[in-house]
Amino acid sequence: MTVRSMAISVPVKKLKKQNGIRVMLVDDHPAFRKGMAALIESEPDLSVVGQTGDGREALQIYRETKPDVVLMDLRLPGMGGVEAILAIRKEFPDARVIVLTTFDMDEDIFRAIQSGAKSYLLKDTPDDELSETIRAVHAGQQVLPPKVADRLAVRQRRADMSEREMEVLQLLIKGRSNKEIGSSLFVCEDTVKAHLKSLFSKLGVHDRTEAAISAIRHGIVHLD
């Protein structure tokens, strides 16, 4: 999948309130929803038509309100944001969802875009940028801030990492030597070195330390 970063500043014609963009909010923090609703309602062409703090309720409220755009958090009770997006888009393939979250791990971004989200924003995104993103997504655009697009591109380059390479990586972050990795996987050290060379290339790093840091930072593997 190729994702192109699109400028947030693309002009999108504002609509009159009565014919404006209808937005649904899905976030489990009431105070945040209240503030977000106030921001949206302050725009002449945006309005809030539904809210929920539960992932499982999101599909039902979508059915009832038929919003133009959904703002979706990722960490939700009942059902996670990615699962909620998939459930909504299974029934409503044309649903336009913007992920709005505090989580910026590469895997979160990748899963959200794979599920069909049209944009991925952090909760500290400036108000004007958020409003313009809503308008752009409603207009049919896929909008990814440059940093998010770059990280997604890096994640996609790692998508072809083999199962054996993942096993090597898991042992590497535990501090195992090449000999120890080889013994654990029943392969020779030269094979381990070949896997490491491939891993370094896919991760865009130069040595074992950088590989371990990159894998943990980007959520590819986790420390026990």
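This briefing describes the sheet, one helix packed on it and several side-chain contacts in the structure. The model is predicted. Five strands form an open sheet with parallel pairing, in the order β2-β1-β3-β4-β5. One aromatic pair is counted, and it joins distant parts of the chain.

**The sheet**
- The edges of the sheet are β2 (46-52) and β5 (119-122), each of which pairs on one side only.
- From one strand to the next, the twist averages 25°.
- Strand β1 (residues 21-26) pairs with β2 in the parallel sense over six bridges.
- Valine 23 has valine 48, in β2, as its bridge partner.

**The helix on the sheet**
- Helix α2 (residues 55-65) packs on the sheet and touches β1, β2 and β3 (69-72).
- The direction of helix α2 makes about 140° with that of β2.

**The aromatic pair**
- Tyrosine 62 and phenylalanine 92 have ring centres 4.8 Å apart and planes at 45°; this angle falls between the limits of 30 and 60 degrees, so the pair is tilted.
- Tyrosine 62 belongs to helix α2, whereas phenylalanine 92 lies in the loop between α3 (81-91) and β4 (97-101), 30 residues apart.
- Tyrosine 62 has a relative accessibility of 6% and therefore counts as buried, the cut-off being under 20%.
- Phenylalanine 92 is also buried, because its relative accessible area is 18%.

**Charges over rings**
- Arginine 75 lies over the face of phenylalanine 103, at 4.0 Å from the ring centre.
- Over the face of phenylalanine 32 lies lysine 123, at 4.4 Å from the ring centre.

Definitions and conventions
Residues are numbered from 1 along each chain as its sequence is written. This is a predicted model: local features need pLDDT of at least 70, side-chain atom pairs count only at pLDDT 80 or more; totals for chains, interfaces and linings use all residues. Side-chain values use heavy atoms; hydrogens and water are left out. Two strands pair if DSSP finds at least two bridges between them. Helices (H or I, at least four residues) and strands (E, at least two) are DSSP runs, numbered from the N terminus. Axes are lines fitted to C-alpha atoms, for helices over the stretch in contact, and angles run from 0 to 180 degrees between N-to-C directions. Contact means heavy atoms within 4.5 Å. Rings of Phe, Tyr and Trp (its six-membered ring) pair if their centres lie within 6.5 Å; planes under 30 degrees apart count as stacked, over 60 as edge-to-face and the rest as tilted. Buried means under 20% relative accessible area, exposed over 50%, partly exposed in between (1.4 Å probe, protein chains only). A charge sits over a ring if NZ of Lys or CZ of Arg is within 6 Å of the ring centre and within 35 degrees of the ring normal.
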